[in-house]
Amino acid sequence: MELKGIVTTGLGKAAYFLNQDFYKSQFMEKCGFTPFPGTLNLIVDEEKLEDIQLMKISCKNIIKPEQGFGGVKYIRATLNDEIIGAILFPDKTTHEENYLEFICKDKLREKYGFKDGDEIKIKIDI
């Protein structure tokens, strides 16, 4: 599935969670990379909400939490045909349904110069 997303500023909470050793080790084991402690936040068109919901519901890839933390579903994805990573669906989130969080090993805003308002192509491996 391919989507377009618009880069937006997040809440800044992902860094804390992605710095937890059990999340880092599970992403390394299951995705093949240790994620940069932060997400690239993307807003997708409202018309894609049904597709996103179906993807989230059918997703079987889960990072199991330690006590006090939430689980995270993930789906491998590629940004702009070159950046390998994953879309996250945290159990505990305050984001709207059309808001996606992408992780990879790099700090994307710094490495690729992404800024709020940039349009990104997302290819999701379903």
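**Overall fold and local environment of selected residues**

In the protein chain, residues 24 or more positions apart account for 67% of the contacts that have a separation of 6 or more. The model from which this value and those below were computed is a predicted one. Four helices and seven strands are present in the protein chain, and when these elements are read along the sequence they follow the pattern β-α-α-β-α-β-β-β-β-α-β.

The dimensions of the chain were considered next. For 126 residues, a compact globule would have a radius of gyration near 14 Å, and the 13 Å found for the protein chain agrees with this. Along its principal axes, the C-alpha trace spans about 35 × 30 × 25 Å. Of the 126 residues, 44% count as buried, while the surface that the protein chain exposes amounts to about 7,100 Å², of which carbon and sulfur atoms supply 49%. The side chains of the protein chain include 18 positive and 21 negative ones, and the centres of these two sets lie 5 Å apart.

Among individual positions, T39 is placed in the loop between α2 (21-31) and β2 (40-44). Although T39 belongs to a loop, its relative accessibility is 17%, and because this value is under 20%, T39 counts as buried. Two polar contacts are made by the side chain of T39: one with the side chain of N41, at 3.1 Å, and another with the side chain of E101, at 3.3 Å. When neighbours within four places in sequence are left aside, T39 is in contact with A14, L18, L88, E101, F102 and I103, so that E101 appears in this list and is also a polar partner of the T39 side chain.

A residue of strand β4, T78, was examined in the same manner. T78 has a relative accessibility of 13% and therefore counts as buried, the limit being 20%. Beyond the residues up to four places away in sequence, T78 touches I83, I84, F102, K121, I122 and K123. F102 is thus named among the contacts of T78 and also among those of T39.

The loop between β4 and β5 (83-90) contains N80, and D81 is found in this loop as well. Both residues have a positive phi although neither is glycine, the angle being near 45° for N80 and near 65° for D81. With regard to accessibility, N80 counts as partly exposed at 30%, whereas D81, at 55%, counts as exposed because its value is over 50%.

K64 is located in a further loop, the one between β3 (62-63) and β4 (72-79). The relative accessible area of K64 is 55%, and since this is over 50%, the residue is classed as exposed. Despite this exposure, K64 touches F22 and Q26 when residues up to four places away in sequence are not counted; both of these partners have numbers that fall within α2 (21-31). As for the relation of K64 to G38, the two residues are separated by 26 residues in sequence and by 18 Å in space, taken from C-alpha to C-alpha.

Technical notes. Residues numbered from 1 in each chain as written. Predicted model: local features only at pLDDT ≥ 70, side-chain atom pairs only at ≥ 80, totals over all residues. Heavy atoms only, no water. Helix = DSSP H or I, 4+ residues; strand = E, 2+ residues; numbered from the N terminus. Buried < 20%, exposed > 50% of the residue type's maximum accessible area, 1.4 Å probe, protein only. Polar contact = N/O pair within 3.5 Å; in protein donor to acceptor, adjacent residues only side chain to side chain. Contact = heavy atoms within 4.5 Å. Rg over C-alpha atoms; globule rule 2.2 N^0.38 Å. Areas by Shrake-Rupley, 256 points an atom, 1.4 Å probe, with all protein chains shown as cover. Lys, Arg positive; Asp, Glu negative; His and termini not counted. Charge placed at Lys NZ, Arg CZ, Asp CG, Glu CD.
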